[in-house]
Amino acid sequence: MTSNFNNAHNFRIDNNIVNVNPSADPLTKLEARIAAGAIHDSAERCDAPKCHPETRVAVQDNLYRWIVEDDRELDQPKKIVWMTGPAGTGKTAVMGSLAGRCAANGVLGATFFFASWSASIGRRRKTDFVTTIAYQLAQHRDDLKNAISTAMEKNPAVLKKNLHVQMETLVLAPLREVARQSEEPELRGAIIVDGLDECEAEQYHDTSSAGPRPTPTRTNAQDQREILEVLQAASLDPCFPFRILIASRPERVFREFFDPKRNPTFSQKLDLNVEHNADADITLFLEAQFDLIRDRYNFPPSWPPPGTIQTLVENASGQFIYAATVIRLFDTGHREPPMALLEAILKMETTRKTSSNPLEQLDALYMHILESSPDPPLSVRWIHTISMLSGYTIGSAFDINMLLQTDRESNEAEHLLGTLHSLIQIPPHSDQTTTPYGFYHKSLLDFLQDPGRCGKLYVEEIERCVFMWDAFVREISENRHLGSFSGVGSYTQRAGRRLMTGPKSFTSEDVVELHVHSGRAVISAALSALSKLPPLRPAEPGEFTRRAYLNGRLDMTQVEGLKDLIDAETEGQRKVAVRAAEGVTKQKFDELRAGIVSALAKVEALIDFGEGEEIEEGVYKDAKSSVQKVLDTIQGYLNDHRRGELLRSGIRLAIFGPPNAGKSSLLKFLAQREAAIVTPIPGTTRDILELSLDIGGLPVVIADTAGLRKTEDVVEKIGIKRARKA
């Protein structure tokens with residue numbers, strides 16, 4: 001028998017009800033909310049650092065042993081290890097190698113590699129952290145996969161919940177269900193979280209709002225601590241079988257959270273910089289790499305010269321990034337011959353003799369590489385702009401080149417960055433339209449943002465912004481490549497910018513003004529383009545004035561004067577508002593305050609000492625006189641018959657009278673134009689006609705009304721009724 005459902009798809013039968021196009025599989029929904037690039041074997045991490053063979057063996061062995069050991073018999077098993085160390089000590093390489101080893105041996109639960117430089121926002125924020133962990137655990141075993149899928153199906157809104165709820169719903173509850181029902185072997189393995197110190201804060205509100213109670217900005221440390229607390233809560237659950245390995249720099253939030261005095265039982269600390277001497281591993285790495293370089297260039301066996309590797313190891317001070325950067329210099333086609341390049345590196349001078357800073361040699365190496373560019377200051381500005389635009393729609397290498405090159409036909413990018421391949425991940429020319437620039441290590445940006453480290457190459461933040469905005473001004477003016485600015489140039493012909501540095505600007509902050517033609521279409525196109533750039537938004541009403549007030553540039557009387565000036569419609573209003581905005585009102589109040597303070601000081605002196613040798617005679621009389629002057633001045637302000645209020649709010653007048661008394665003619669005379677219809681026919685004016693006038697500097701609203709008389713005309717009656725209410 002032929003079925004009605006032959007070749008049918010996308011339907012489900014629930015309780016004899018056919019559900020066509022059912023919702024997506026729960027795990028498909030979960031997959032849509034993961035940070036795929038943060039997983040250890042993702043395509044995005046194809047060039048991620050790994051430990052060189054035979055290096056960091058002891059560290060990896062100790063961590064792997066901790067992961068697979070059975071310590072259930074211990075009273076307080078420690079399920080969390082915090083691996084820390086300064087930038088460049090090889091934390092990410094250790095975590096990547098360990099993740100690969102665990103995966104190969106079937107003891108990897110999940111991984112998450114944060115990266116502040118990544119174009120994938122999921123790797124920079126906490127939002128997809130728990131969902132990414134849960135999705136990987138679902139691939140671990142079928143019974144756990146089914147439990148997580150069921151949890152997603154029952155709680156579809158969990159993706160919008162906080163991390164604690166997500167961890168409980170998507171991880172802990174399914175693990176309890178599996179532990180209760182499954183007959184399979186107990187789950188085990190590691191959850192590896194790297195670079196947690198690079199997690200950036202998620203902002204849920206407009207923190208720059210000009211409202212009366214703006215929401216405080218969340219800090220990176222708050223979101224990092226939230227993740228730590230979620231992981232801690234998971235590790236303390238009896239049904240949670242995994243070991244958690246966290247790697248980060250030793251920032252305060254981590255030092256405090258893992259302080260043994262505060263949390264003595266649940267975790268242990270592994271400091272790569274203290275507990276594991278990296279010198280032997282760096283030596284092995286350099287020896288292997290120099291062997292490859294020697295073979296590549298057919299150098300004699302005596303190269304590198306004796307003592308070279310020892311010197312480089314000492315210079316590294318335990319920083320693997322130093323050794324890796326040195327080797328990359330030989331791998332990127334540097335303009336100097338390899339022998340000359342090595343000699344230049346060995347001759348680099350630093351203040352190491354008087355400093356214990358382990359980054360000293362790394363800084364010197366970065367400085368040496370950057371100065372190999374034909375224009376180091378301009379190259380540094382390019383690097384800052386690449387960093388600022390990372391993760392936005394204007395992010396491919398081609399987009400950046402088109403934006404920053406002063407001549408779009410030039411090859412300025414290769415000219416400036418050609419010698420910096422050891423620092424910057426520069427995609428091949430064929431891939432530049434789709435692939436962004438990248439950085440091998442965050443320590444480069446740390447170096448460039450610290451004037452004490454990069455010295456003459458340091459660029460102030462406002463200068464970085466001005467450099468970027470100059471590029472966008474060129475884009476607006478010339479209608480160049482970037483899609484978000486498409487069509488703007490056809491409107492503008494020319495654009496300019498003006499930099500005003502604080503504290504001399506209106507707001508006391510650094511301000512950049514963009515000047516374009518004033519047509520509505522031009523301004524609209526420019527604002528639309530700017531709104532797509534990081535991290536711009538339209539200013540709220542009064543926001544610049546608010547900033548000026550909060551920064552002490554204006555006081556409240558000047559703010560009110562500025563508002564009155566904006567609202568001024570008459571010359572009288574303008575003059576008074578200008579005086580207030582320029583501080584005349586403030587000066588009057590300051591004089592009143594000075595008089596009160598002076599009188600108060602004299603009275604307090606009399607109370608404390610009395611008239612005599614220390615207090616001259618007549619002080620009380622002077623104090624009384626000062627107070628009286630203040631009172632007289634205040635009373636004078638109060639007795640001005642509301643002149644200021646009248647000037648600000650204006651006067652409303654209504655012209656009343658019988659028909660044909662000349663009311664409309666008077667209105668025409670005051671307006672000096674044909675403002676009303678005038679005829680000899682009584683009742684011509686039927687409705688109220690209002691007109692705003694400037695009379696002697698005062699804003700006056702004059703109403704012409706219907707003539708007051710007895711009439712049987714229905715329409716005129718309504719006009720007379722309105723006239724009596726005017």
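# Briefing: a five-strand sheet and its aromatic pairs

Both phenylalanine 290 and tryptophan 303 are buried. These two residues form an aromatic pair in this predicted model. The whole structure holds 14 aromatic pairs. An open sheet of five strands, paired in parallel, is the other main topic here.

**Aromatic pairs and cluster**

- The pair of phenylalanine 290 and tryptophan 303 is edge-to-face, at 5.5 Å centre to centre and 80 degrees between the planes.
- This pair links distant parts of the chain, with its two residues 13 residues apart. Phenylalanine 290 belongs to helix 10 (residues 279-297). Tryptophan 303 lies in the loop between helix 10 and helix 11 (308-316).
- One aromatic cluster is formed by Phe290, Tyr297, Phe299, Trp303 and Phe330.
- Phenylalanine 112 and phenylalanine 114 are both buried. Their rings make a tilted pair, with centres 4.5 Å apart and planes at 45 degrees.

**Charges over rings**

- Arginine 101 places its charged end over the ring of tyrosine 64, 4.4 Å from the ring centre.
- Arginine 243 does so over the ring of tryptophan 66, with its charged end 5.7 Å from the ring centre.

**The sheet**

- The strand order is 4-5-6-3-7, and the sheet is open.
- Strand 4 (108-113) and strand 7 (267-271) are the edge strands. Each has a single partner strand, so one side of each lacks a neighbour in the sheet.
- On average, neighbouring strands of this sheet are turned by 15 degrees against each other, direction ignored.
- Strand 3 (residues 80-84) and strand 7 run parallel and are joined by five bridges.
- Within this pairing, threonine 84 stands opposite aspartate 271 of strand 7.

**Helix 2 across the sheet**

- Helix 2 (residues 57-68) lies across strand 3, strand 5 (190-194), strand 6 (243-248) and strand 7.
- Helix 2 runs at about 145 degrees to strand 6.

**Valine 274 and threonine 84**

- Valine 274 is part of helix 9 (residues 272-275).
- Valine 274 counts as exposed because its relative accessibility is 61%, and the cut-off for exposed is over 50%.
- Valine 274 and threonine 84 are 190 residues apart along the chain. Their C-alpha atoms are separated by 9.6 Å.

Note on methods. Residues are numbered from 1 along each chain as its sequence is written. This is a predicted model: local features need pLDDT of at least 70, side-chain atom pairs count only at pLDDT 80 or more; totals for chains, interfaces and linings use all residues. Side-chain values use heavy atoms; hydrogens and water are left out. Two strands pair if DSSP finds at least two bridges between them. Helices (H or I, at least four residues) and strands (E, at least two) are DSSP runs, numbered from the N terminus. Axes are lines fitted to C-alpha atoms, for helices over the stretch in contact, and angles run from 0 to 180 degrees between N-to-C directions. Contact means heavy atoms within 4.5 Å. Rings of Phe, Tyr and Trp (its six-membered ring) pair if their centres lie within 6.5 Å; planes under 30 degrees apart count as stacked, over 60 as edge-to-face and the rest as tilted. Buried means under 20% relative accessible area, exposed over 50%, partly exposed in between (1.4 Å probe, protein chains only). A charge sits over a ring if NZ of Lys or CZ of Arg is within 6 Å of the ring centre and within 35 degrees of the ring normal.
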